[in-house]
Each structure stands twice: as C-alpha cells, then as structure tokens.
Amino acid sequence: MIKNEYRKLNDFESKLLDRLLENPFPGRDDIRDQIKNCRVKMLDIGVDNYGSIEFETDSKSFAQVNQRVPLEARAFEDKVPIDVLIHVVDGKVKELEILKVDGSSIDKMPSPSEFKVTIRE
C-alpha cells in the first residue's frame, strides 16, 4: 500500500508551477507566497490521477482571485490535450489539477515549457 502523506514539491511540480505563474494576474504573488514553503500530496481521486496534487500551506497570504480557477494551461500528447488548472479556495491555493481530456493514460508528460497558459478573466 502506497502512503499518501504530505511532502515537498518535486522538481517537475515546481517547474510546472513556475511556468503557470510567469505572467501576472490578480492573486498571483500571493499564490507564489503560499507555495514557497508548501507541502503537497497526491489527490485521492481514484485511478485517473495524472499527478494532481493538493496543497497544505501555513502562509498568511490571501490570494484575491477572480474565480476558483484563475488560470489554466494546455499541452498535447499525440494531439490529445493535457490540461492543468490551479484551484484557489477561500484565498488559498488548494489544488493543482492535471488531466488528459480523453481519459487515456499519459505516456510522456509534456515539459513545463510546452504548456500554453491562459489567464481567466
């Protein structure tokens, strides 16, 4: 049985978050502050988890975002979209959701630089 305990961000997660947070948007700096010393664990969503994580942070920062998912990013594997969304709940970064839209497995995750980021207004 695999333990799903809180841990530090791994290298890929850290680089992906850096990519997602490159461009300014309302709440971005507070989200950066929150993830600086955060801990994460895999989201418990069953067999279709592509690497989605839940955040735990002690940061006092409050991210005033316009909506629960202030940005999303998309890359492709064999022409099938892989989406990444940051969820913010009550001013705190809550989740980094990763999904392949057709539900198939991800054989080779695109590099963070391959993701095109869209800020939701």
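This report walks through the nonpolar core and some charged residues of the structure above.

The model is predicted, with local features needing pLDDT of at least 70 and side-chain atom pairs counting only at pLDDT 80 or more, while totals for chains, interfaces and linings use all residues. Residues are numbered from 1 along each chain as its sequence is written, and side-chain values use heavy atoms, leaving out hydrogens and water.

**The core**

A good place to start is the largest nonpolar core, which has 25 residues. Such a core is a set of buried Ala, Val, Leu, Ile, Met, Phe, Trp, Tyr and Cys residues joined through side-chain atoms within 4.5 Å. Buried means under 20% relative accessible area, exposed means over 50%, and partly exposed lies in between (1.4 Å probe, protein chains only). Leu20, Phe55, Val84, Ile86 and Leu96 have the most contacts inside this core. Two or more residues each come from helices H1 (11-20) and H2 (28-36) and from strands E2 (53-56), E3 (71-77), E4 (80-89) and E5 (92-100). Strand E4 gives the largest share, 4 residues. Helices (H or I, at least four residues) and strands (E, at least two) are DSSP runs, numbered from the N terminus.

Take valine 84 as an example: beyond its neighbours within four places in sequence, its contacts (heavy atoms within 4.5 Å) include Leu16, Leu20, Leu96 and Phe115.

**Charged pairs**

The whole structure holds 10 salt bridges, each a side-chain nitrogen of Lys or Arg within 4 Å of a carboxyl oxygen of Asp or Glu. Here are three of them.

| Positive residue | Negative residue | N to O distance |
|---|---|---|
| Arginine 28 | Aspartate 29 | 3.1 Å |
| Lysine 94 | Glutamate 54 | 3.9 Å |
| Lysine 100 | Glutamate 77 | 2.4 Å |

Lysine 100 in strand E5 and glutamate 77 in strand E3 link distant parts of the chain, 23 residues apart. Both ends of this pair are buried: lysine 100 has a relative accessible area of 7%, and glutamate 77 has 6%.

Lysine 94 is partly exposed at 36%, whereas its partner glutamate 54 is buried at 18%. Because lysine 94 lies in strand E5 and glutamate 54 in strand E2, the pair ties together parts that are 40 residues apart in sequence. Arginine 28 is buried too, at 14%.

**A buried charge without a salt bridge**

Finally, meet glutamate 95, which sits in strand E5. Glutamate 95 is buried but has no salt bridge, and the nearest side chain of opposite charge, arginine 68, is 4.1 Å away. For charge, Lys and Arg count as positive and Asp and Glu as negative, with His and the chain ends not counted. Leaving out residues up to four places away in sequence, glutamate 95 touches several residues, including Leu43, Phe55, Arg68 and Ile86.
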